[in-house]
Amino acid sequence: MVLPQVIRTDTENTTDGERLLEGKTVNLRIVEKEDIPLLNEWASSLEVGGEYEFSHQVSRSEMEKNFEKRLSEPSPVEWNTFMIEKKDKTKIGYVVHFNTLHPAGKIQEIGYVMIPKERRKGYCTEAVRMMLDYLFLSKDLSCIQAMVDVRNVASQKVLEKAGFQKEGIIRKRFFIRGVWTDNTVYSILREEWKEPKILTRTEKK
Ligand SMILES: CC(C)(COP(=O)(O)OP(=O)(O)OC[C@H]1O[C@@H](n2cnc3c(N)ncnc32)[C@H](O)[C@@H]1OP(=O)(O)O)[C@@H](O)C(=O)NCCC(=O)NCCS
């Protein structure tokens, strides 16, 4: 995937062109095939996924196959994963966005995971703010949503700090580690986001 060229930060230019969104303490980099071994390791780790994420044991070759398929075949689901990297390029987590399919709606949903030793440093909040800037600047959206296990205090704090509002609770929608869980739905409307906080819109070069 190639990011729209109008999306840039007001910090220095990058050597990676439009595949990198630059923040203050972290950058978001579109996932490449070379990232799959690490993503696969994280996907298989209960520690990285935390208590409230579903655990999907998936082989590296299956992940690679799905990655190739997504590049070559059109799909109604637009799904993209960005690595969250520190300024020294250490990979510390990822953030995803995907469209929810409804004939009358145009909604993007986001999700994220940070590796345990890099949590509680504000990185995820910055990554989510950047993702909101990116999605509202590059897509004609009225709303971005997120769904969080009602027990997941850390994730709810991230969303609230990034400007999301709590909408309500949906009951027993997801089967996570042997139990049906309730989730809180959060959303942020374009008018609540108002303007980019980290990325800026600049002219195409
Ligand atoms: C949820 C998660 C991504 C948060 O990442 P993070 O980098 O620690 O988040 P931040 O550092 O930006 O923290 C944001 C706020 O949450 C608070 N917070 C973080 N972890 C917390 C915890 N376990 N309990 C209570 N508050 C917590 C931080 O202190 C901060 O608030 P503050 O600025 O008022 O101090 C991380 O805990 C994680 O990867 N969890 C496992 C996967 C997951 O649950 N993903 C979300 C699925 S919806």
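This is a short talk on the fold, the core, the ligand shell and a few single residues of the structure above.

Keep in mind throughout that the model is predicted. The protein chain has 205 residues, and 24% of them count as buried. Its secondary structure comes to 6 helices and 10 strands. Of the contacts in the chain with a separation of 6 or more, 58% are between residues 24 or more positions apart.

I will start with helix H4. H4 covers residues 123-138, which makes 16 residues. From first C-alpha to last, H4 reaches 22 Å, close to the 22 Å expected at 1.5 Å a residue. Is H4 enclosed by the rest of the structure, or is it not enclosed? H4 is largely enclosed, because 12 of its 16 residues are buried. The buried set includes Tyr 123, Cys 124, Glu 126, Ala 127, Val 128 and Arg 129. Further along H4, Met 130, Met 131, Leu 132, Asp 133, Tyr 134 and Phe 136 are buried as well. Note that Glu 126, Arg 129 and Asp 133 are in that list.

Next, the core. As a general point, nonpolar side chains in soluble globular proteins tend to be buried together. Here the largest nonpolar core has 33 residues, and those touching the most other members are Ile 84, Val 95, Ala 127, Val 128 and Met 131. Several elements each supply at least two residues of this core: strands E3, E4, E5, E6, E7 and E9, together with helices H4 and H5. Which element gives the most to this core? That is H4, with 9 residues.

Two of these core residues are worth following. Val 95 sits in strand E5. Val 95 counts as buried because it has 22 C-beta neighbours inside 10 Å, where the cut-off for buried is 20 or more. Leaving aside neighbours within four places in sequence, Val 95 is in contact with Leu 28, Phe 82, Ile 84, Ile 110 and Tyr 112, and also with Ala 127, Val 128 and Met 131. The C-alpha atoms of Val 95 and Ile 30 are 9.7 Å apart, with their positions 65 residues apart along the chain. Val 128, from H4, touches Val 95, Ile 110, Tyr 112, Val 158 and Ala 162, again without residues up to four places away.

Now two strand pairings. E6 and E7 run parallel and are joined by 3 bridges. Ile 107 stands opposite Cys 143 in E7. Along E7 the side chains alternate. Ile 144, Ala 146 and Val 148 point to one face and are buried. Cys 143, Gln 145, Met 147 and Asp 149 point to the other face and are not buried.

E8, residues 165-176, is another matter. How many of the 12 residues of E8 are buried? The count is 0, and the strand is hardly covered. E8 pairs with E9 in the antiparallel sense over 8 bridges, and Ile 170 stands opposite Asn 183 in E9. The two strands form a hairpin with 2 residues between them, and Arg 177 in the turn has a positive phi of about 50°.

On to the ligand. There are 23 residues around the ligand, and the closest are Gly 50, Arg 119, Cys 124, Ala 154 and Lys 157. Cys 124 also appears among the buried residues of H4. Strand E6, H4 and H5 each supply at least two residues of the shell. The largest share, 6 residues, comes from H5. By class, the shell has 10 nonpolar, 7 polar and 6 charged residues.

Last, some single residues away from the core discussion. Arg 120 lies in the loop between E6 and H4 and has a positive phi of about 60° although it is not a glycine. Arg 120 is exposed, with 11 other C-beta atoms within 10 Å. Lys 194 lies in the loop between helix H6 and strand E10, and its phi is near 70°, again positive in a residue other than glycine. Lys 194 counts as exposed because it has 10 C-beta neighbours inside 10 Å. Leu 46 is found in helix H2. Is Leu 46 buried or exposed? Leu 46 is exposed, with 10 other C-beta atoms within 10 Å. Its C-alpha atom is separated by 9.5 Å from that of His 56, 10 residues away along the chain.

Terms used. Residues are numbered from 1 along each chain as its sequence is written. This is a predicted model: local features need pLDDT of at least 70, side-chain atom pairs count only at pLDDT 80 or more; totals for chains, interfaces and linings use all residues. Helices (H or I, at least four residues) and strands (E, at least two) are DSSP runs, numbered from the N terminus. The expected span of a helix is 1.5 Å times one less than its number of residues. A residue is near a molecule or strand if its C-beta atom, placed from the backbone, lies within 6 Å of it. Ala, Val, Leu, Ile, Met, Phe, Trp, Tyr, Cys and Pro count as nonpolar, Asp, Glu, Lys and Arg as charged, and the others, Gly among them, as polar. Two residues are in contact if their C-beta atoms, placed from the backbone, lie within 7 Å. A nonpolar core is a set of buried Ala, Val, Leu, Ile, Met, Phe, Trp, Tyr and Cys residues joined through C-beta atoms within 7 Å. Two strands pair if DSSP finds at least two bridges between them.
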